[in-house]
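Q: Hey, I'm new to this one. Can you walk me through it?

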Amino acid sequence: MLESNKDSAKLDAMKRIVGMIAKGKNASELFPAVVKNVASKNIEIKKLVYVYLVRYAEEQQDLALLSISTFQRALKDPNQLIRASALRVLSSIRVPIIVPIMMLAIKEASADLSPYVRKNAAHAIQKLYSLDPDQKEMLIEVIEKLLKDKSTLVAGSVVMAFEEVCPDRIDLIHKNYRKLCNLLVDVEEWGQVVIIHMLTRYARTQFVSPWKEDDGLEDNEKNFYESDDEQKEKTDQKKKPYTMDPDHRLLIRNTKPLLQSRNAAVVMAVAQLYWHISPKSEAGIISKSLVRLLRSNREVQYIVLQNIATMSIQRKGLFEPYLKSFYVRSTDPTMIKTLKLEILTNLANEANISTLLREFQTYVKSQDKQFAAATIQTIGRCATNISEVTDTCLNGLVCLLSNRDEIVVAESVVVIKKLLQMQPVQHGEIIKHMAKLLDSITVPVARASILWLIGENCERVPVIAPDVLRKMAKSFTNEDDLVKLQILNLAAKLYLTNSKQTKLLTQYILNLGKYDQNYDIRDRTRFIRQLIVPNEKSGALSKYAKKIFLAQKPAPLLESPFKDRDHFQLGTLSHTLNTKATGYLELSNWPEVAPDPSVRDVEVVELAKELIPAGKAKKENPAKKFYSESEEEEESSDSSSDSESESGSESGEEGDSSEDSSEDSSSEQDSESGSESKGENKRTAKRNSKIKEESDSEDGEKENEKSKTSNSSNAESSSIEESSSDSESESESESEIESESRKVTKEREKKTKQDRNPLAKDISLLDLDDFNPVSTPVALPTPALSPSLIADLEGLNLSTSSSVISVSTPVFVPMKTHVLLHRMSGKGLAAHYFFPRQPCIFGDKMVSVQITLNNTTDQKIANIHIGEKKLPIGMQIHVFNPIESLEPEGSITVSMGIDFCDSTQTASFQLCTKDDCFNVNIQPPVGELLLPVAMSEKDFKKEQGMLTGMNETSTVIITAPQNFTPSVILQKVVNVANVGVVPSGQDNIHRFAAKTVHSGSLMLLTVELKEGSTAQLIINTEKTVIGSVLLRELKPVLSQG
Amino acid sequence: MIHSLFLINSSGDIFLEKHWKSVVSRSVCDYFFEAQERATEAENVPPVIPTPHHYLLSVYRHKIFFVAVIQTEVPPLFVIEFLHRVVDTFQDYFGVCSEPVIKDNVVVVYEVLEEMLDNGFPLATESNILKELIKPPTILRTVVNTITGSTNVGDQLPTGQLSVVPWRRTGVKYTNNEAYFDVIEEIDAIIDKSGSTITAEIQGVIDSCVKLTGMPDLTLSFMNPRLLDDVSFHPCVRFKRWESERILSFIPPDGNFRLLSYHVSAQNLVAIPVYVKHNISFRDSSSLGRFEITVGPKQTMGKTIEGVIVTSQMPKGVLNMSLTPSQGTHTFDPVTKMLSWDVGKINPQKLPSLKGTVSLQAGASKPDENPTINLQFKIQQLAISGLKVNRLDMYGEKYKPFKGIKYMTKAGKFQVRT
């Protein structure tokens, strides 16, 4: 029919062929016949031929070439639709030979008068790129050109091409940024989504963070992916008045109306933009729109709920008003139900928990058993999160044990087990009840849980436990593997506590286990037998068997499964899947230094903008925190404007610790003086000595504060400078001099490097690149603390003398303070705490904590004392003596002791004044639960030898070699944990020792440098949990530079 | 972006496939079938399924799965929203979107899909533009085409595509110029056992049918715009004007479209127009249970409640039900255990009720929970939130259009727990 002369016959034939394609049948043998019709006058036939061509051209490349000339002709057609579709088809034919033709066509089309054709050109770019990535450079040129296009039609497509071809060429966006922001509202909806996602990434690289620490406190929000040091940095930033870049503001403002879009994807895109780049206070408006999307289809609901779940973990307040929108309907699909449940759990707090629990009760009865089980878990999580309702929840769960449905009962058992483990109060009754249940429950997990519980608490239920074991011994062979393991455990535990009654039973069970089919069980049996049954061969371990089996086990944390999702950008596929999808582009962290905003200026306004000093930047380098002194100093000598104050304060510091280093710093000044005016130098010297005096006379804290302020920002320190010396402050602001001095500094730097620690060389070079010398003086020095820097400095002092460490003196005390009570929530009373790392005077199992109380009100605060304490079992607090009154603007430091029982559980108590009581918490970082220990290398190795196997945890660290200098490692380790240094004979092994405060268990830490840039971190300790937590904390610190 | 699209019917056959980039073998759908099997119910198939090399994003509508295959990171909502748009377009083109209809019109479907996506990126999704590019099939047109040999493919670029109002085509002409607006409100509610409201919300939409000649510029104002708490607009609505004056000002698309959807602020108490009295009880000993439901009007503002349908998913242990309604008809499907009672109008003088017994499977234990009751109803000429349109004006054209506004209240997700 295709050969027919009549169009209608041809059309009919083509329709049939397309039908075949649609059904997935192979129609490739018709290729020659079809291609002939490509030049048909009938537009419908032509279109269908196009469809066919695109589908099969790849398979029949030679024949496909026949059609190319038709397209080339069509590209010149006066009808824009035909031009565009010719380009579309041409670029869709995946035949490598025609790449040059395509390239030419794209170039021409990108200059076409019709925006529709240009839009198609943008699409063609992606197609060509996927066909032949070698064309990248040429294509980028075209993209650059199309980005300048003012048509809203083109914008979306070209940004899409940009994302596909060269997402890292952020420099192409600069000039078009404002235009894109302004056009955004008029771009078609699909383009909006792409542009918003791109701009989010852009904003994260180009603007400084608008998030202030205050916000973080208010909504309990922490960016989990940001490690400690970055948070410190935030603290630093807070000190400077934050002004949002007008371009940043422009983006936020222009996207706001799009929240009203009917397209869910657009709303979600704007929501994630607000979430990721707007100030926390403004992000609130997204919640209403997101909740609106929940009215939409099931699939949209699913994605939106997932994103809300992630958001609600970090910021409850956002969705709390919409709590009821997340109530579950019986008609919802199961996946929606579970997501809603997740969100409800995240939103639960003291105020709404009672309504929620009532709601949960109806869910538990649901016919959807999977959902009912999920609800039970949820109740468990609520119970742990909100201590007020723990008992209520527990009782409710116990009631469920008599439920008829097995799944429900099993789930309740598992949750009750977790809850009981968390607070092993006298719940003997519940345990007995559960023991009875063993007869009826068949779900393995539940059976295993019950057995474990009985084993753990075998001393509390002395009568029942052996009986249970007897029953289990009978049924051992028929049990699930999971249950068998727990039977073995139970037997071992009972044998240790009550061997009289259970000896034979245990023997019997061990014999059964020995011949089990599962090797895991055989292994376990052998292990237990060796461990508990005394025989002549048994090693030293059997003495500790009781300790091993009946050690206090830390309660499991019931965490949201969405906890770890937040490192993915919201609204992305990766976030939905919680794995990195192909082509996922990381959202970078905020830069500490805003890149020059003037790059976004379009030519016309360039002149006006140039007057504004380029770097209104918040200057602080991300990587700088943990570097050793050398760069710190280099950095300071880097920008001439503030070098004096920096080195001054520093040398003051150093002078404190050792004569040597003060000499060092003055020599540094000498080198400076070469390049700078003599007068200045004198002044510096003078100040230098002054500060030294100061530091001698005053107590440490004040001095710290001073150096902190000067360190926290060069700009600030220079403003302090200004007050004292006017001559140089003038010179500061002039950029000319600055640039000159920069040159000088470079020279100087070389010099400094020579007399400095040779290790710092490469770092300093890196550092210089990032460094932004232009900093406008900020006139508001805020005398607040920047703990990290001072911590660094202090660490350095001592690192020089680290080889002589006396018993239990902290190597280094980080001055990092934690907020106990924010002044906003404490009605003007602010409290901070920090760990002085001194042995506690109140009791040797306690960790000493220093609390600084500030009165920020204008009235006296009277009778500050500690009220009601809510402590986990075993934890103790030695309170400070009540403070009679605190003057306005006054501050007082008190110390108290807390016995954390070697766990990182939170100590909650009430801080009371005459009128109010505030609930506060102290959660110790794991590193503070230690006391340093001095020991020799030999002792260390001996102890380490005894703490192998289960007591050893290790990990591999990969980082740049410059992070592996002894001083850097030392500093990083002691910053995290209160450990003592063990002198080491080998250069590549660093050892640290400490003991836990409560139980005095040894904690041995080894950092072994390997070839290349890896190192192994090993922790040996009896307290494996603390050990692994410490390991987790140390790993990121050591691996980043 | 979107690599390929597969249409899969409920029995698991791929009946249409379309590729925008290189061809993806249909074997990729095996992963989808696997997930489908695991989910047991179509509703529970996860919308996003990762496979080793591709990601499958699917929507389920009209008993058809629309499965999009993508290869790289893309906002999932982007794809899902697009797929829904595809379904809407099909519905718009063919009236219904079902497997036989799509199979019959496979060429048009193919042409439309070709225009909607280029290289996986949406090109034209406004149905007004699409209809100009590819004319929807009508009987008349098919006849004309076969005689004259003309085609249903437009050969000119739709002007809307380039203009600032891409949703409207040019050169629209009508003899009767008319504009209708339907204000439809839905009540979402959960009512607990004792009859008190747990949550209730009102969601509303204004659906419009505008058939006006030329380029009319309309404004629509409300008596009480403050009621609207959260709104989302058709792109034609000028956002600035709404922000400042609370007036909807827009150049309408031609034909049917959704002008606005809104949410009534939560502070306002929602009037619940119906109540359900229920008495469902199972006894432990016997295999028979009692079942009784009565539906009655509550705050209806004097309007009658029509189209009442009561559905309830009975527990699995229920074998059969023998019930007698005082009005309407009822059915019980013993396989899905779904009870449905079509009540019709509620007469306040004689309340409809459904009474009878439930027989449980022999040996099955008494279900722990009574079934929830879902309710559907309609109330004509009433917007339950009290929203009222003040006036509608037209600028830009000379003629006088016929204007009409209709109000309606419906039950959305209205659930009574028993």
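A: Sure, one term to start: a salt bridge is a side-chain nitrogen of Lys or Arg within 4 Å of a carboxyl oxygen of Asp or Glu. This is a predicted model, where local features need pLDDT of at least 70 and side-chain atom pairs count only at pLDDT 80 or more, while totals for chains, interfaces and linings use all residues. Residues are numbered from 1 along each chain as written, chains are lettered from A in written order, and side-chain values use heavy atoms, leaving out hydrogens and water.

Q: OK, how many salt bridges are there between chain B and chain A?

A: The count is eleven. One of them joins B:Arg85 to A:Glu189, with the closest N and O atoms 2.7 Å apart.

Q: Which helix gives the largest share of chain B's side that touches chain A?

A: That's helix α2 of chain B (residues 76–94), with eight residues; helices here are DSSP runs of H or I, at least four residues, and strands are runs of E, at least two, numbered from the N terminus.

Q: And how many residues are in contact overall?

A: 93 residues of chain B are in contact with 90 residues of chain A, where contact means heavy atoms within 4.5 Å.

Q: How much area is buried between them?

A: About 8,000 Å², and carbon and sulfur atoms give 55% of that. Buried area is the accessible area (1.4 Å probe) that two parts lose on being put together, summed over both.

Q: Switching topic: how many aromatic pairs over all chains?

A: 22. Rings of Phe, Tyr and Trp (its six-membered ring) pair if their centres lie within 6.5 Å; planes under 30 degrees apart count as stacked, over 60 as edge-to-face and the rest as tilted. A:Phe360 and A:Tyr363 form a tilted pair, 6.1 Å centre to centre with 55° between the planes.

Q: Where do A:Phe360 and A:Tyr363 sit?

A: In helix α20 of chain A (residues 353–364), three residues apart, so about one helical turn separates them.

Q: Is A:Phe360 buried or exposed?

A: Buried, at 0% relative accessible area. A:Tyr363 is buried too, at 3%. Buried means under 20% relative accessible area, exposed over 50%, partly exposed in between (1.4 Å probe, protein chains only).

Q: What about B:Tyr180 and B:Phe402?

A: Their ring centres are 6.1 Å apart and their planes at 65°, so the pair is edge-to-face. B:Tyr180 is in strand β8 and B:Phe402 in strand β23 of chain B, so the pair ties together parts 222 residues apart in sequence. B:Tyr180 is partly exposed at 30%, and B:Phe402 is exposed at 52%.
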